[in-house]
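Here is a short walk through some charged, polar and nonpolar features. Have the sequence and the structure open as you read.

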Amino acid sequence: MIDVPRLLAIDLTWESTLDWVLGAPLQILVAVVVGFVARWLAHRAITKAVDASIVRSEASRAKRERNSGIPASAAKERYRQRTLTMGSLLRSIATFAIAVITVLTVMSLLGIPLAPLLASAGVGGVALGFGAQALVKDFLSGIFMILEDQYGVGDLIDTGEAVGTVEEVTLRVTRLRDPDGVVWYVRNGEIIRIGNRSQGWSTVMVDIPFSYREDIERVLGIIRSTVEQIDDDPHWHEVLREDLQVLGVESITGGTVTVRVLARCAPDENWGIQREIRRRVKETFDREGIAGPPIPMSGGGHQI
């Protein structure tokens, strides 16, 4: 039941009302405004830092590209995406932290006791920390992987446990698909080392065997003319970073002489170039009558 006499006894003068408005409500309003301003300043600082990092990275990569002659447009775009993703994550963290501080400040101004609440939160945080150590480790590893641009979607990587193409990168796990089509989910905190086969350039290396009885200089000339045709092919010219080099005789084993061909190419394009080199050299050997390496006989037979 409403106590009418007590309500009538409340002093509702302008002075009392003004004192009340200038008290807790004004302080709460100031706290909220300060929270919004702090969030805006934090987001502004993070955005400037992200933009500066992208500019520095592009300048550094452009300098390396001029020195090495290796285009880095794809790497620059991937680094830009990773940096923007990290900036978005940092802005979310800043927003959460500022919101928590603002809410606690408002609760304190309203007279809500924070000591029991913070004590309970501290005990719960310790318990959660012990139970979620692996999760925290995964998240921290994911943050550093994004910051350092160790790999990205589409890269062919070796994590030690699995080798495959990256399909998704999150703060907790990395999803990749191996050559057999198996999808692997690797926790970021469990990755000790990363071998990235898709950054910068790949190596084209082909060993071409032929019979010991063939004239080496003649065979070397045939191989050089064959790889020069590949260099002049518009399709492969766009993929190769340098001209294919016939290094010479790599080994002589039994009745087989092996010549090595080497070059740099765009990432992950080495497999196609190597197959093309073998195909063209085989066709040229057949046309020029170059004998291949001797075929070993089975255990029960005799070589004639």
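## Helix 7: a buried threonine

Let's start with T226, whose side chain comes to 2.8 Å from the backbone oxygen of I222. Keep in mind that this is a predicted model. T226 sits in helix 7, and it counts as buried because its relative accessible area is just 3%, against a cut-off of under 20%.

D232 belongs to helix 7 too, a helix that covers residues 216-232. Is D232 buried or exposed? D232 is exposed, since its relative accessibility comes to 63% and the cut-off is over 50%.

## A negative patch on the surface

D232 also has company: together with E228, E242 and D243, D232 makes up a surface patch of negative charge. Residues in such patches have no salt bridge, so D232 and its patch partners carry their charge without one.

## Strands 7 and 8: R260 and its partner

Salt bridges do turn up elsewhere, and there are 12 of them in the structure. One of them pairs R260 with E250, with 3.5 Å between the closest N and O atoms. This pair ties together distant parts of the chain: R260 is in strand 8 (residues 256-265), E250 is in strand 7 (residues 245-253), and the two are 10 residues apart.

How do the two ends of this bridge fare for accessibility? R260 is buried, because its relative accessibility is 18% and the limit is under 20%. E250 is partly exposed, as its value of 40% puts it in the range between buried and exposed.

R260 has another spot worth a look. Its C-alpha atom is 5.7 Å from that of L247, and these two residues are 13 apart along the chain.

## Helix 9: bridges about one turn apart

Now for helix 9, which runs over residues 270-288 and holds both R279 and E283. Their side chains form a salt bridge, with an N to O distance of 2.9 Å. R279 and E283 are 4 residues apart, or about one turn of the helix. R279 counts as partly exposed because its relative accessible area is 40%, and E283 is partly exposed as well, also with a value of 40%.

Another bridge in this helix joins D286 and K282, at 2.4 Å from N to O. What separates D286 from K282 along helix 9? About one helical turn, because they are 4 residues apart. D286 is partly exposed, with a relative accessible area of 48%, and K282 is partly exposed with 48% too. There is also a network here: D233, E276, R279, R280 and E283 are joined by salt bridges that share partners.

## Helix 3: a nonpolar patch

For something without charge, turn to helix 3, which spans residues 24-68 and includes V30. V30 is part of a nonpolar surface patch made up of L26, L29, V30, V33, V34, V37, W40 and L41. Together these residues have about 720 Å² of accessible area.

Why does V30 count as partly exposed? Its relative accessible area is 43%, so V30 falls between the buried limit (under 20%) and the exposed one (over 50%). Patch residues need over 30% relative accessible area, and V30 meets that cut-off with its 43%.

Key:
Residues numbered from 1 in each chain as written. Predicted model: local features only at pLDDT ≥ 70, side-chain atom pairs only at ≥ 80, totals over all residues. Heavy atoms only, no water. Patch = residues over 30% accessible without salt bridge, like charges linked within 9 Å, V, L, I, M, F, W, Y side chains within 5 Å. Areas by Shrake-Rupley, 256 points an atom, 1.4 Å probe, with all protein chains shown as cover. Salt bridge = Lys/Arg side-chain N within 4 Å of Asp/Glu carboxyl O. Lys, Arg positive; Asp, Glu negative; His and termini not counted. Charge placed at Lys NZ, Arg CZ, Asp CG, Glu CD. Buried < 20%, exposed > 50% of the residue type's maximum accessible area, 1.4 Å probe, protein only. Polar contact = N/O pair within 3.5 Å; in protein donor to acceptor, adjacent residues only side chain to side chain.
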